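Dear colleague,

Please find the structure below, passed on for your consideration. My notes on its contents follow directly after it.

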Amino acid sequence: MAMWANADWRGSLLPAHGDVDLADYARVFNAVEGNTTFYSGIPKTETVAAWAEQAPSTFRFCFKLPSQLTHGKRLRDVDDEFERFIERLSPLEDRLGPIMVQLPRDFGHAELPALERLLARWPKGIPCGVEVRQHDFFHKGMAEQAFNRLLISQEANRILLDVRALFATPAGLDKELESAQSEKPKVPLHVLSTAVNPVIRFIGHFDEGINLARFEPWIERLSLWIKQGKTPFLFVHTPDNRQAPELARLFYTRLAERIELPPLAEFAGERQVSLF
């Protein structure tokens with residue numbers, strides 16, 4: 001998911017009462033999409049230390065590059081800040097999944113040299129994922145070809161933003177659906193793995209049937225990538241993210257019907273309910 005704690009998850013994924021920390025989330029899911037660094041920038045040393053203490057060795061943090069670098073400076077003159085960011089995360093190095101570079105909606109073909117410069121200095125031991133939102137990168141023309149070639153040459157992963165379920169119906173009077181549709185770019189889905197850690201960001205709908213129908217083709221693709229020795233990352237959202245844990249569990253169950261996966265742990269809140 002895009003976060004490891006949400007008040008709406010109490011009594012389901014998280015305990016209904018008491019303190020909640022990262023360990024409660026990590027007991028069930030093995031990766032998190034770290035939006036906090038996108039909005040808040042380089043985390044404090046003590047914050048990273050707490051994350052390191054709470055997350056097991058099998059857990060993967062997939063942080064986003066701070067927006068000050070991607071949107072504020074548009075990847076120009078960011079070398080020093082980028083190095084500080086990577087250095088601050090160093091206590092988590094063995095637990096870092098793809099660090100994500102989410103680019104502005106108007107970051108186009110002409111700015112690819114700035115991305116190329118960043119990728120050329122990217123630490124070899126840390127996976128990278130890049131998400132573009134400019135429409136030229138989705139029309140299979142010169143811009144998209146140049147972008148894909150760049151990622152392949154630098155062994156960076158193209159982040160696959162799947163918004164088909166979100167936009168499957170008009171929002172109508174549903175304010176939360178309307179808000180989610182206004183925040184997310186309505187871009188086509190191009191399924192291409194440019195490196196060994198494909199990243200899928202599945203933005204779901206409130207309707208379970210719509211979500212399952214859009215996820216079904218992913219089962220085949222994820223199975224293929226895993227058989228090829230790749231390690232994909234799947235992050236699941238819903239319009240208000242209240243149902244995200246349940247949707248992620250449903251998708252995991254469907255995928256486990258196709259390939260061998262370890263059983264998913266019970267949600268803490270549900271386990272407590274079953275005891276009394």
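**Aromatic residues and the sheet**

Phe61 is buried, its relative accessible area being 2%. Phe63 likewise counts as buried, at 2% relative accessibility. Please bear in mind that this is a predicted model.

These two residues also form a pair. The ring centres of Phe61 and Phe63 lie 5.4 Å apart and their planes meet at 5 degrees; planes under 30 degrees apart count as stacked, so this pair is a stacked one. A further stacked pair is made by Phe233 and Phe235, with 6.4 Å from centre to centre and 25 degrees between the planes. Phe233 is buried at a relative accessible area of 10%, and Phe235 is buried at 1%. In total, the structure holds 15 aromatic pairs.

Phe61 and Phe63 belong to one aromatic cluster, which also includes Tyr25, Phe29, Trp51, Phe59 and Phe267. Phe267, a member of this cluster, has a charged group over its ring: the charged end of Arg249 sits there, 3.9 Å from the ring centre. A lysine is placed in a similar way, with the charged end of Lys64 over the ring of Phe38 at 5.8 Å from its centre.

I turn now to the sheet. Five strands form an open sheet in the order β3-β4-β5-β6-β7, and their pairing is parallel. At the edges are β3, residues 99-102, and β7, residues 233-237, each of which pairs on one side only. From one strand to the next, the twist averages 25 degrees. The stacked residues Phe233 and Phe235 fall within the range of the edge strand β7.

Within the sheet, strand β5 (residues 157-162) and strand β6 (residues 199-203) run parallel and are joined by four bridges. Which residue of β6 is the bridge partner of Leu161? The partner is Arg201.

Helix α9, spanning residues 208-227, packs on this sheet and touches β5, β6 and β7. The direction of helix α9 makes about 170 degrees with that of β6. The helix thus has contacts with the edge strand β7 as well as with both strands of the bridged pair, β5 and β6.

For your own inspection, I would suggest viewing the aromatic cluster that contains Phe61 and Phe63 and then the face of the sheet on which helix α9 packs.

With kind regards

Notes: Residues numbered from 1 in each chain as written. Predicted model: local features only at pLDDT ≥ 70, side-chain atom pairs only at ≥ 80, totals over all residues. Heavy atoms only, no water. Pairing = 2+ DSSP bridges. Helix = DSSP H or I, 4+ residues; strand = E, 2+ residues; numbered from the N terminus. Axes fitted to C-alpha atoms, helices over the stretch in contact; angles between N-to-C directions. Contact = heavy atoms within 4.5 Å. Phe/Tyr/Trp six-rings, centres within 6.5 Å; stacked < 30°, edge-to-face > 60°. Buried < 20%, exposed > 50% of the residue type's maximum accessible area, 1.4 Å probe, protein only. Lys NZ or Arg CZ within 6 Å of the ring centre and 35° of its normal.
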